[in-house]
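Please read the account below alongside the sequence and the coordinates. It proceeds from the sheet to the core and then to a loop.

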Amino acid sequence: METGPERASLRIDKWLWAARFFKTRALATEAVAGGKVHVNGDRCKPGRKLHPGDRLTIHRGQEVFDIEVVGINSQRRPASEARTLYQETPESIARREAEAERRRQERLDRGPGRRPDKRERRHIRRFIRKEGE
């Protein structure tokens, strides 16, 4: 992590990319410009300077992260190092896990993710014909 008064801030889009919330810097810029990222509760522009202590809310797909910026690093490092740049709130972790479990359960409740085979289609046709009589 870079420290010192001259490196105490970094553009939010670059930080999001370095912290591995987005795969490319262009995706990070697009998310910030599209209102998917809020700093201290406010929308911001991609060029906004981010400082340690800032609180971010990041909407990425169906996931919502509530984090606090702990460190600043302008280079994209391995994921294990990137996790040291922020601290996620326990409520955020619990909410994301509950949402993932809900989606997993929905997927299981929908039944098999395949089409009926030939035998099953025959049974369906017979059943429909009997109902129509």
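The following paragraphs describe a predicted model.

The sheet provides a convenient point of entry. Five strands make up an open sheet, arranged in the order β3-β2-β5-β6-β7, with antiparallel pairing. The edge positions are taken by β3 (42–43) and β7 (86–88); each has a single partner strand, so one side of each lacks a neighbour in the sheet.

The individual pairings may be followed across the sheet. Strands β2 and β5 run antiparallel and are joined by three bridges; here His38 has Thr57 in β5 as its bridge partner. Between β5 and β6, likewise antiparallel, there are six bridges, and Arg60 is partnered by Glu63 in β6. These two strands form a hairpin with two residues between them, where Gly61 adopts a positive phi near 65 degrees. Three bridges then connect β6 to the antiparallel β7, with Gln87 in β7 serving as the bridge partner of Glu68. Helix α4, which comprises residues 90–109, lies across β6 and β7 and runs at about 165 degrees to β6.

Attention now turns to the nonpolar interior. The largest nonpolar core contains 22 residues, and those with the most contacts inside it are Ile12, Trp15, Leu16, Phe21, Leu56, Ile58 and Ile67. Two or more residues are contributed to this core by each of α1 (12–18), α2 (25–33), β2 (37–39), β5 (55–60) and β6. Leu16 illustrates how such residues meet across the sequence: setting aside neighbours within four places, Leu16 contacts Phe21, Phe22, Ala28, Val32, Val37, Leu56 and Ile58.

Which residues of the loop after β6 deserve inspection? Two positions between β6 (63–69) and α3 (79–82) are considered here, one of them being Asn73. Asn73 has a relative accessibility of 9%, and because buried denotes a value under 20%, Asn73 counts as buried. The side chain of Asn73 reaches the backbone nitrogen of Gln75 at a distance of 3.2 Å.

Pro78 also belongs to the loop between β6 and α3. With a relative accessible area of 39%, Pro78 is partly exposed. The C-alpha atoms of Pro78 and Arg96 are 23 Å apart in space, while the two residues are separated by 18 residues in sequence.

Terms used. Residues are numbered from 1 along each chain as its sequence is written. This is a predicted model: local features need pLDDT of at least 70, side-chain atom pairs count only at pLDDT 80 or more; totals for chains, interfaces and linings use all residues. Side-chain values use heavy atoms; hydrogens and water are left out. Helices (H or I, at least four residues) and strands (E, at least two) are DSSP runs, numbered from the N terminus. Buried means under 20% relative accessible area, exposed over 50%, partly exposed in between (1.4 Å probe, protein chains only). A polar contact is a pair of N or O atoms within 3.5 Å; within protein, one must be able to donate a hydrogen and the other to accept it, and residues adjacent in sequence count only if both atoms are side-chain atoms. A nonpolar core is a set of buried Ala, Val, Leu, Ile, Met, Phe, Trp, Tyr and Cys residues joined through side-chain atoms within 4.5 Å. Contact means heavy atoms within 4.5 Å. Two strands pair if DSSP finds at least two bridges between them. Axes are lines fitted to C-alpha atoms, for helices over the stretch in contact, and angles run from 0 to 180 degrees between N-to-C directions.
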